[in-house]
Amino acid sequence: MQQLANKRILLGITGGIAAYKAAELVRILKKADADVRVVMTVGAMEFITPLTLQALSGNPVHHELLDSAAEAGMGHIELARWADLILVTPASANFIARLTNGMGDDLLTTICLASEAPLALAPAMNQAMWRDPVTQANVGHLIDLKGSKLYIFGPAEGSQACGDIGPGRMLEPETIAGMAADLFETGLLSGRHVVITAGPTREAIDPVRYISNHSSGKMGYALAVAARDAGARVTLISGPVNLPAPDKVTVVPAVSAREMLDSSLAQLSDCDIFIASAAVADYRPLAPQGEKIKKSSETMELTLIKNPDIVSTVANHEQRPFTVGFAAETQDIDTYARQKLVSKNLDMIVANDVSRSDIGFNSDENAVTVFWSENQQSFDPRSKSSLAMDLIELIAHQFAAKQADKVVTQTQEKE
Ligand code: C5P
């Protein structure tokens with residue numbers, strides 16, 4: 001269930017005897033490294049205590065809609081936005097009826113109304129209640145209304161707590177967790193951790209002045225969104241830019257090249273793919289002044305010292321991830337890009353022609369050629385977001401190919 005790693009699952013529990021199985025489900029989801037937050041209805045708390053679920057999920061359990069203390073922490077709108085998936089287990093007949101009729105009369109229904117995340121319900125109730133035409137009509141209507149955003153898991157048939165036999169049993173927690181994992185299967189980078197550097201760096205001359213460049217960070221931010229949409233957990237190590245933090249991406253701010261290097265190395269223990277799109281300043285002032293430099297003399301000399309090469313340090317590290325660099329060139333693009341691919345020990349390099357003013361640096365468009373081993377692929381000018389999606393797809397495929405090669409090599413070594 002690798003697909004559940006780092007996924008944010010909002011687990012709704014409603015009132016029914018099957019509520020006790022939710023505890024086991026939380027345990028399985030946590031074991032699969034999902035981030036779980038539990039929301040309970042008043043009815044659910046008759047069957048299982050919030051304390052149990054808090055201990056298992058490692059997060060406070062939410063149940064009050066009109067609780068100012070809870071709203072000040074993580075309120076209903078934040079919870080609705082936070083979730084990658086809302087999973088309601090068990091979903092009672094009453095809950096399904098309230099949801100179908102758009103009622104926001106408790107915390108869980110309100111979150112369901114306010115969220116754009118997919119919603120999965122695992123119904124559990126007495127067989128007659130499940131068969132009742134009103135319940136069946138409610139479920140049918142909900143499916144019509146929600147379309148592809150709604151999933152109904154089960155119910156199973158069998159003997160029930162009340163002694164009846166028939167449909168209405170909640171699916172087993174292991175089955176529900178597996179079905180939830182399948183919902184995240186589509187992403188090419190599911191379960192992967194992608195680290196991206198973006199934007200410029202600033203190298204201090206004194207407390208008010210610095211050396212920097214015109215990088216906007218747009219390409220790196222677009223790559224972060226595309227990697228996230230491909231299912232990856234994304235850490236974006238960003239120099240100072242004027243861009244909003246992308247939703248569901250962890251942004252780590254860095255100002256200087258050395259800060260960016262430290263933040264990059266701190267991610268290597270569990271990084272699968274490292275993409276260096278930052279325009280790192282090649283040099284920094286050797287001795288930045290502690291006080292503002294006074295403009296007394298007509299000329300001023302500044303001694304610069306070379307900055308560490310972040311992508312090269314990462315690519316030569318013992319915990320080396322699949323590493324992708326960028327090359328901004330004005331001439332002989334192919335030759336220089338291929339040289340950097342080798343000298344920096346990269347898996348791939350994305351080269352662009354920065355002599356063209358219509359693409360690159362500050363523009364919204366970009367055209368690039370990607371080089372790796374003996375291959376290359378060119379992408380015509382297009383928006384940075386569309387290019388980012390194509391680049392992430394290509395990177396994901398090359399990453400997968402290298403992983404497959406590693407497995408073959410390891411198997412041959414064993415033989
Ligand atoms: O050597 P050059 O600056 O042309 O290489 C560009 C590539 O190297 C980019 O991927 C950039 O993010 C990375 N780089 C780096 N640290 C530096 C300089 C460049 O990570 N100090």
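This is a friendly dialogue about reading the sheets, the ligand site and some backbone details of a predicted model.

Reader: I am new to this structure. What should I know about sheets, and what is the strand order in the open sheet of five strands?

Author: Strands of a sheet pair through backbone hydrogen bonds, and they do so either parallel or antiparallel. In this predicted model, the five strands are arranged as S2-S1-S3-S4-S5, with parallel pairing. At the edges you find S2 and S5, each pairing on one side only. If you ignore direction, neighbouring strands here are turned by 20 degrees against each other on average.

Reader: How many bridges join strand S1 to S2?

Author: Strand S1 (residues 8–13) and S2 run parallel and are joined by six bridges. To find one of these places by eye, look for Gly12, whose bridge partner in S2 is Val39.

Reader: Which helices pack on this sheet, and which strands do they touch?

Author: Take helix H2 (residues 50–57), which lies across S1 and S2 and runs at about 170 degrees to S2. Another is helix H5 (residues 93–100), which touches S3 and strand S4 (119–123). The direction of H5 makes about 145 degrees with that of S4.

Reader: Now the open sheet of eight strands. What is its order?

Author: Follow S12-S11-S8-S13-S16-S17-S18-S19; the pairing in this sheet is mixed.

Reader: Why is one side of strand S12 and of strand S19 left without a neighbour in the sheet?

Author: Strand S12 (250–253) and strand S19 (375–383) stand at the edges and have a single partner strand each, so one side of each has no neighbour in the sheet. Direction ignored, the average turn between neighbouring strands of this sheet is 20 degrees.

Reader: In which direction do S17 and S18 run relative to each other, parallel or antiparallel?

Author: Strand S17 (residues 348–353) and strand S18 (residues 365–372) run antiparallel, with four bridges between them. Asn352 is a handy marker, since you will see it standing opposite Val368 in S18.

Reader: Which strands does helix H10 touch?

Author: Helix H10 (residues 218–229) packs on the sheet and touches strand S8 (193–198), strand S11 (233–238), S12, strand S13 (273–276), S16 and S18. Its direction makes about 170 degrees with that of S11. Helix H13 (residues 333–343) lies across S16, S17, S18 and S19, and runs at about 150 degrees to S17.

Reader: Let me turn to the ligand. Which residues surround the ligand?

Author: Among them are Ala276, Ala278, Val280, Asp282, Pro308, Asp309, Lys340 and Lys344. By class, the shell has seven nonpolar, one polar and four charged residues.

Reader: Where do backbone atoms lie 2.7 Å or 2.8 Å from the ligand?

Author: Look at Ala276, where a backbone N or O atom lies 2.7 Å from an oxygen atom of the ligand. At Pro308, a backbone N or O atom is 2.8 Å from a nitrogen atom of the ligand. Val311 also has a backbone N or O atom 2.8 Å from a ligand oxygen atom. The ligand on its own has 450 Å² of accessible area, and the protein covers 85% of that. The elements giving two or more residues to the shell are helix H12 (310–315) and strand S16 (322–329).

Reader: Last, the backbone details. Which peptide bonds are cis?

Author: One of them runs from Thr89 to Pro90, with omega near -10 degrees; Pro90 sits in strand S3 (residues 85–91). Another cis bond joins Gly154 and Pro155, where omega is about 0 degrees. Pro155 belongs to the loop between strand S5 (150–152) and strand S6 (156–159).

Reader: And what is phi of Asp33?

Author: Phi of Asp33 is near 70 degrees, a positive value in a residue other than glycine. You can find Asp33 in the loop between helix H1 (21–31) and strand S2 (35–40).

Terms used. Residues numbered from 1 in each chain as written. Predicted model: local features only at pLDDT ≥ 70, side-chain atom pairs only at ≥ 80, totals over all residues. Heavy atoms only, no water. Near = heavy atom within 4 Å. Polar contact = N/O pair within 3.5 Å; in protein donor to acceptor, adjacent residues only side chain to side chain. Areas by Shrake-Rupley, 256 points an atom, 1.4 Å probe, with all protein chains shown as cover. Nonpolar A, V, L, I, M, F, W, Y, C, P; charged D, E, K, R; others polar. Pairing = 2+ DSSP bridges. Axes fitted to C-alpha atoms, helices over the stretch in contact; angles between N-to-C directions. Contact = heavy atoms within 4.5 Å.
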